[in-house]
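Student: Got a minute to go through this one with me?
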Amino acid sequence: MAADVTKTETTSNPGVSKRYHDMWKWDEVYWASHCIDCYPGNCPLRVYVKDGQVVREEPAGAFKTVQEGVPDMNPMGCQKGAGWTRLLSADERVLHPLRRVGERGDGKWEEISWDEATTEVADSILDAIEEVGPESIVAPSGCNIGPLALVGRGKFMGNLGGITLDLNAEMNDFSAGLYMTWGTFDPVSSIDDWFHSEIFLIWFGNPVYNRIPHYHFISEARYHGCEVINIAPDVGPSASHADYHMPVRPGSDAAFALSMCKVVIDEGLIDEKFATEQTDLALLVNTKTNKYLRESDVTEEGSSRQFYAWDARSGQAVLAPRGTLFWGDVEPALEGPFTVDTKDGPVEVTTVFSLMRERLEDYEPEKAAEICGIDADAIRSLARKIATKRTNILGSLNNASKHYHGDLIERSQILLLALTGNWGKHGTGMRSWGSGFLDGMLAFFLKSKRGPELTGNMLDMAEAMMQMTLQNDPTLTRKIVSVEQSRNSEPMGFVPPVFFWYRFAGYKEAWDNADWHDPSMKRPFEEYFNEAVEKGWWRGADVPHEDSPPRVLIECGGNVLRRTRGGSKRLLEHLWPQLKKIVTIDVRMSATALHSDIVLPAAQQYEKLGFGIPSSHVMNLTFCDKAVDPPGEALQEWEIFRRIAEKVEERAKERGVEPYKDSRNRTYDPKTLHETFTSSGEWLDQEVIFDEMLRDTAMVGTIPENASLEDLREKGFYRWQGLGLSARAVAQATDPQPDETFVPFRKHVEEGEPYPTLCRRSQFLIDHDWFIEADEHLPIHKEPPGIGGDYPFQVSSGHNRWSIHSLNTANDLMLETHRGEPHVVVNDHDAEKLGIEDHDLVRVFNDAGEFKVRVKISSGACPGQVVMYNGFDNYQFPDWAGPNDAEPGMIKWLHLAGGYGHFKYWATEWQPCPVMRNTRVGIEKA
């Protein structure tokens, strides 16, 4: 009967059928993805083109099963990706170069030619160099930036002498607690490895919202017998799919974790072999100073980097091996105290474990329950499960680090995993975000011409240096050498933005406010800041200096006014008046673009070549082809920077600008900028650049040896075959296997390779003077400070479901799937007390600032908590004031510490980052 109906309808109105079938016709199909900071999605898509326009995209579903018995990664996609086509012709799209004709922010523009735009930008750059110097030219890093944009901006700013602010501090996606413990912040398992988990902790995350392409592995692990526990103050979307919900009080997660550590110890559930090998818990500590017992304490000629353990067999202190984690014939004791003869006489020592056990006396489950709000029996029950099962912690890419005491929370979580042997094995660990697998990108920065010869020479030289270093010190590993080389190299690309913000962007007033810091900060913030600079802990990275005020800002791949903690108000008030030219390169009219002087139109996804973030999350290099030409006069970012470089060179010659130096005594010549940028014309064709990156990466061995742009256009993606050479990739410490899911740190656990930390082990004792002074030399719970002032509510946040950052926030398809405007979630009882009803417009305020937003009332929100998802752009709020206007953007003073082992800046790693979780606010009807 159904066939008859169809036949009748088609016969009576054949145009309907034709129109429907025409919808599914296409002229060409391309591989694509969304090469942005998509948490990171790396979803292979197929993009369909008809009559020169992208008509739709769909998941490719092309992944094969990696490991027998483990589900594949298909289909990989989300609603933002399925609706991306609409962004190509969206109303907010910028199609031509624009110049401001009114006041900044008035929204009055005139179209100008590319020649006019690049000339104006070039002259502003040269003016800034002549007035102040090259470090007055600043580029916020931006995280939604493809590979050609990244290398284009990098080569432009690097050859000009400008500074690019480190993206990890701008995003605050740096996990300080992971770095303190492991020497790197970014171990990342593949998402299919989650399937091996037996206990899965969703802790500081909401994967139902922000890990849509990956979430099925959590459900599949659950069907496989895994228990899923959601740990959060609010009963959010991810709680509904969990076996248990643990309603932790905001900011008390360290107390919860430390209480479970106490249960594990008290009930004899410790994996002692793992704890003594992988961590510093067996190392000896001077009980009077709370510092490691060092060889330099024992003998005059001893090393300050050589530590001790107590050998239970021989009954004496012995040197802890630095070249391996395995103890050999030594039986390290976990419990002290002992007496050791030093050069200053007998000293009482104990173990890090003993000090930690003593500290844990404050976290008896009944005591901890009063702090964290989770029942003592629930604490004990979960601790026992973690101790006996493969346990995995999934956060939302560094969400804990966005808390003032996020480092303490992370150190406490890692301690729990250490005591129970839960990393370096399938289905275990915790993660941040990883990158660095595309070695061809770094090679491109260094090459002056095409072909494998230069790359081969560079690889041979790098290997020779590696072998020489390893021979000179047999205790080193490739990982440690790679990381140490990065730490000891003078910053060339990124610089930590903390110095720029404090000196020029208006953060000094907030950071100097002692009431917004933890009470254990004994001295004024300014004293710690000055001490860190004067002692040279940040030498080479502490730019720009006070005598280099900013004059030109070039935003590419970001939206600095929306994203920066501390808000647009602070930047507009303090930074903007110092800037003589603000240039935004973007696909759309963002909040930052609206307050710029020049806006340059960039190509969108599908309009340029791109790679997804090269990470171990999905273990693939994901490709986005150019399917259509960009509309209007929009250009790929590489070409935009090339044109600006060309114009700088032209105008420098016409103006007679001489070579100049930056504060680090490096010389630059603007009269050769374009020649250097393109290597005398070698790098003009973007397809040539892409192909070269692929072929060079293949030479390193991370992708197939026959890799090329032509081959990738057929296949769509490559699976990683190796880690490559970059420090961040090598730091994963696991060799990828073609038929296994990927989990980091296997070399540490299985082969005993040491960690790139001061003590060469996972380090829970930080015996830096500042940390001892603050009583944070060991993990501890501290209450969140009163950031923003004395107000009754604490703000929680996270990525929303409807947009990747703010990129999709104005997509009409996404707006139709929610209320169509920003909202803040408030507990129903709190709302009743405030006299607030659902969808009321409220004023959210504190001593830092305010914003107005609609209310969504929910019984799932914790009393005293307000949930403000990020990703909405400023222009969606009344008065263009967004949530970051009420975020002071505080940093923790301890993260300025240096001169200590692995506490040294390198790109995306050790640095202070502004926080925003647990900011105090008041709420009232607007």
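Tutor: Sure, we'll take the overall chain and then one arginine.
Tutor: Keep in mind this is a predicted model, where local features need pLDDT of at least 70 and side-chain atom pairs count only at pLDDT 80 or more, while totals for chains, interfaces and linings use all residues. Residues are numbered from 1 along each chain as its sequence is written, and side-chain values use heavy atoms, with hydrogens and water left out.
Student: What radius of gyration does the protein chain have, and what would a compact globule have?
Tutor: The protein chain has 28 Å, which agrees with the value near 29 Å for a compact globule of 926 residues. That radius is taken over C-alpha atoms, and the globule rule is 2.2 Å times the number of residues to the power 0.38.
Student: And how much of the protein chain is buried?
Tutor: Buried residues are 65% of the 926, where buried means under 20% relative accessible area, exposed over 50% and partly exposed in between (1.4 Å probe, protein chains only).
Student: New topic: is Arg-819 buried, exposed or partly exposed?
Tutor: Arg-819 is partly exposed, because its relative accessible area is 33%.
Student: Which residues does Arg-819 contact, sequence neighbours aside?
Tutor: Beyond four places in sequence, Arg-819 is in contact with Asp-838, His-839, Val-855 and Lys-856; contact means heavy atoms within 4.5 Å.
Student: What joins the side chains of Arg-819 and Asp-838?
Tutor: A polar contact of 3.0 Å. That term means a pair of N or O atoms within 3.5 Å; within protein, one must be able to donate a hydrogen and the other to accept it, and residues adjacent in sequence count only if both atoms are side-chain atoms.
Student: How far is Arg-819 from Leu-150?
Tutor: C-alpha to C-alpha, Arg-819 and Leu-150 are 35 Å apart in space, and 669 residues apart in sequence.
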